[in-house]
Amino acid sequence: MEGGAYGAGKAGGAFDPYTLVRQPHTILRVVSWVFSIVVFGSIVNEGYLNSSEEEEEFCIYNRNPNACSYGVTVGVLAFLTCLLYLALDVYFPQISSVKDRKKAVLSDIGVSAFWAFFWFVGFCFLANQWQVSKLQDNPLNEGTDAARAAIAFSFFSIFTWAGQAVLAFQRYQIGADSALFSQDYMDPSQDSSMPYAPYVEPSAGPDPAGMGGTYQHPANAFDAEPQGYQSQGY
């Protein structure tokens, strides 16, 4: 399998960390991983406020617990997803099956597009709730920087995940246009060799009756020899 189509190195080759860290999709994965930490870390650490009049903490985003829960949940799951696909990037050169490589790239496209959409929803949700938050709920402006950071990095995450989806789609196109990928669909090792087997085996077979004109010429040669000897002997 070509390294440019479906990752660094040849199928079954040794892991090359230098080549891995230079791949654009791997770089975007690491960046997305950092962004997800910033989002859920900001909300967990400073996204909940205490009020002297209330015993329970409330979400800094317009007192809406769903906003904080959404940001934390999306951030943590995106964090785990980045780790999963970083591990896949490391293991990818060891995958010898073209079908498995194709599935891995297709899953990368779908998952990256999925997270780009969820980060878009998260950005809109947090930004809206932050805009309608009341000043009296947080007169000391506690945690405002963290709240804005979560919104900003949610916005940045839209583009990092969308970029991963685009790069994965490009890798899929390169693989689909390659000869080896086409053979995977045609399965030449099984489909192409079988039609030629009946024609190859009879050529070396012991039965001359089924060979048609293959053994016809030696027969004519032997027939010509007796005729030549008859003319000379008599």
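In the predicted model, the end C-alpha atoms of residues 109–130 lie 31 Å apart, and this span is 100% helix and 0% strand, where helices (H or I, at least four residues) and strands (E, at least two) are DSSP runs numbered from the N terminus. Residues 69–88 are likewise 100% helix and 0% strand, with 28 Å between the end C-alpha atoms. Both spans appear in the UniProt record, an unreviewed entry, which places the feature "transmembrane region" at residues 30–49, 69–88, 109–130 and 150–169; the positions are given in the numbering used here, feature names are shortened, and such annotations may be inferred rather than shown by experiment. Because the model is predicted, local features need pLDDT of at least 70 and side-chain atom pairs count only at pLDDT 80 or more, whereas totals for chains, interfaces and linings use all residues. Residues are numbered from 1 along each chain as its sequence is written, and side-chain values use heavy atoms, with hydrogens and water left out.

The secondary structure of the chain comes to ten helices and two strands, and from the N terminus on the elements run α-α-α-β-β-α-α-α-α-α-α-α. Of the 234 residues in the chain, 34% are buried, a term that denotes under 20% relative accessible area, with exposed meaning over 50% and partly exposed in between (1.4 Å probe, protein chains only). Among contacts (heavy atoms within 4.5 Å) with a separation of 6 or more, residues 24 or more positions apart account for 76%.

Helix α3 has 23 residues and reaches 33 Å from its first C-alpha to its last, close to the 33 Å expected at 1.5 Å a residue, the expected span being 1.5 Å times one less than the number of residues. The buried residues of α3 include His25, Thr26, Arg29, Phe35, Phe40 and Ile43.

Five salt bridges are present in the structure, each defined as a side-chain nitrogen of Lys or Arg within 4 Å of a carboxyl oxygen of Asp or Glu. Asp108 pairs in this way with Arg29, the closest N and O atoms being 3.0 Å apart. Since Asp108 lies in helix α5 (residues 98–131) and Arg29 in helix α3 (residues 24–46), the pair ties together parts that are 79 residues apart in sequence. Both Asp108 and Arg29 are buried. Asp108 also meets the side chain of Arg171 in a salt bridge, at 3.5 Å from N to O. This second pair links distant parts of the chain, with Arg171 in helix α6 (residues 144–177) and Asp108 in helix α5, 63 residues apart; Arg171 and Asp108 are both buried. Together with Asp89, the residues Arg29, Asp108 and Arg171 are linked in a network of salt bridges.

A salt bridge within a single helix is formed by Arg148 and Asp145, at 3.9 Å from N to O. Arg148 and Asp145 are three residues apart in helix α6 and are therefore separated by about one helical turn. Arg148 counts as partly exposed at 45% relative accessibility, while Asp145 counts as exposed at 61%.

The structure holds one disulfide, assigned where a pair of cysteine sulfur atoms lies within 2.5 Å, and this bond joins Cys59 to Cys68 with an S to S distance of 1.9 Å. The torsion about the S-S bond of Cys59 and Cys68 is about 85°, so the disulfide is right-handed. Cys59 is buried at 3% relative accessibility, and Cys68 is buried at 0%. As for further cysteines, Cys82 counts as buried at 0% relative accessibility, whereas Cys124 is partly exposed with a relative accessible area of 33%.

Nonpolar cores were assigned as sets of buried Ala, Val, Leu, Ile, Met, Phe, Trp, Tyr and Cys residues joined through side-chain atoms within 4.5 Å. Of the 22 residues in the largest such core, Ile43, Tyr61, Trp115, Trp119, Leu126 and Trp161 touch the most other members. The elements giving two or more residues to this core are α3, β2 (54–59), α4 (65–91), α5 and α6, and the largest share, six residues, comes from α4. Leaving aside its neighbours within four places in sequence, Ile43 is in contact with Tyr48, Tyr61, Cys68, Gly71, Val72, Leu126 and Ala150. A second, separate core of seven residues includes Ile95, Val105, Ile109 and Ala168.
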